[in-house]
Amino acid sequence: MAHCQEDGAPPRGAGPGRFGSALGFVMVAVGAAVGLGNVWKFPYLAGANGGAVFVLLYLVFLALVALPILVAEVAIGRRGRASPPHALARQAAEFGARSGFWRAAGVVGVVMSLVIMSFYSVIGGWTILFAAEAATGFAAFADAASALAHQQALEGDPSGMLALQLLFIIATVAIVAGGVRRGIERSMRVMAPLMAVLLVIVVVYALAAGAGGRALDWLFAADWTKLDGRVALAALGQAFFTLSVGIGGMMTYGAYLPERASPLRASVAVAGADTAVALLAGLAVFPIVFAHGLDPAAGPALIFITLPIAFHAMPAGAIIGGAFFLFLFLAALTSAVALYEPFVAWRIERGASRLRATLLAAGISWLLGLVTVASFSFARDVHPLGFLGGPFAAFTAFDLITLGVDKLVLPAGALLISWFAGRIIAAPALAAVFPGDPAPLVRLLRLALKTWVPLAIMVLLAAGLVLG
Ligand code: TRP
């Protein structure tokens, strides 16, 4: 970089934006948290990991590990009032830690957001296609064979996937380029209620017409003999992914938190809403899956191959399926916004205009998306780590990116965040960000960040490396 910022110096440029209210923050952060993770990943992970055991562990890890990280991330951003590289560097300098290291960690996080966006935007593009298929009443999904053929045709067409991905990226750019208040916060005030209505429509239908009782059993009646290390790891990784923590997205939104809002209460509201949506998504998907005799353990294809078969077969399937995929598109879109904003905020601080910064983020994530597109299509038989043998041999580039994010990047980022908020920022300085909250709760948060949170993460990291 030609002109490096001095440690602790205030960033140039327009400075960080600010949300209009605490509710605005909560809506936007819920938008970031609720996404493909809740509706696509959570049901298929629950399905593939035996249902209730996974679900209950996920809830425990969410409350005890991922939630403290979320509060810490928001608090670091709120105190630093800047993008992750600057918020971290500045506060590291303030407390005598190595600001060069922490700035670099922030930059890695910002770049990792674009790496996540590279595959997120490809799947996001698919949701546009599937929402459009509602117009035909999901005619391409008459039976399992044709549903599979539909998916193979999609994955075998790289230019089609790139075009859909580009559409998704353009929608994201349109929101982010509008700015913190007029783009991100204002659009969310429209999209959040719409998403709530769409989801309720699908859940009510699924419970009324589908096999609700079996779905409830599947999700909540645990058979603890199924508990093992892999299930626990999958549950912890998903808890981080679903709350969008570990790479500075929530830190960036925290920098925009209004002065008087409590990072603690706002984070609890975000985690509560995110959990509710994941469980509701389960209640939307599994009653339909069971009522139509489909396989709950179908894996990542559960949403894109299995579910449309049911939408084709059921009465009003075009409306219910259309509502479902429109919801999924909006959920993905509002998460994608949070994947660009850290990078954009960082570039603005370094003198770029918001539009240019947003277009740069879009260009980088689109180019990186070529890896995902290729690994679905013409490079589907390329296994970059094949030479290592063992569990890595069968992974495509897409598998490596998504698994690397879940098992390496997010846990490592979360570990750094717990370190920063638990040990680098002095206790009174951290407490000062929570003026209206009960002191014992803030002390408990600090204790969590110093003890069981990093411990649980280190176990996950180590086990993830061993188990592959
Ligand atoms: N939580 C999002 C989802 O469930 C995905 C996500 C992970 C994310 N990390 C993020 C979104 C960081 C924004 C920022 O789909």
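Colleague: Which residues are closest to the ligand?
Modeller: This is a predicted model: local features need pLDDT of at least 70, side-chain atom pairs count only at pLDDT 80 or more, and totals for chains, interfaces and linings use all residues. Residues are numbered from 1 along each chain as its sequence is written, and side-chain values use heavy atoms, leaving out hydrogens and water. In all, 14 residues surround the ligand, each with a heavy atom within 4 Å of it. The closest are L36, G37, Y120, F241 and S244.

Colleague: How many charged residues does the shell around the ligand hold?
Modeller: Asp, Glu, Lys and Arg count as charged. The shell has eight nonpolar residues and six polar ones. Its charged count is no residues.

Colleague: How far is the polar side-chain atom of Y120 from an oxygen atom of the ligand?
Modeller: A polar contact is a pair of N or O atoms within 3.5 Å. N38 has a polar side-chain atom 3.4 Å from a ligand oxygen. For L36, a polar backbone atom is 3.0 Å away from one. For the side chain of Y120, the distance is 2.4 Å.

Colleague: What share of the ligand's accessible area does the protein cover?
Modeller: On its own, the ligand has 370 Å² of accessible area (Shrake-Rupley method, 1.4 Å probe). The protein covers 100%.

Colleague: Why does the salt bridge of R79 and E94 tie together parts that are apart in sequence, and how many residues apart are they?
Modeller: A salt bridge puts a side-chain nitrogen of Lys or Arg within 4 Å of a carboxyl oxygen of Asp or Glu. The side chains of R79 and E94 meet at 2.7 Å, N to O. R79 lies in helix α3 and E94 in helix α4 (DSSP runs of H or I, at least four residues), so the pair joins parts whose separation in sequence is 15 residues.

Key. A polar contact is a pair of N or O atoms within 3.5 Å; within protein, one must be able to donate a hydrogen and the other to accept it, and residues adjacent in sequence count only if both atoms are side-chain atoms. Helices (H or I, at least four residues) and strands (E, at least two) are DSSP runs, numbered from the N terminus.
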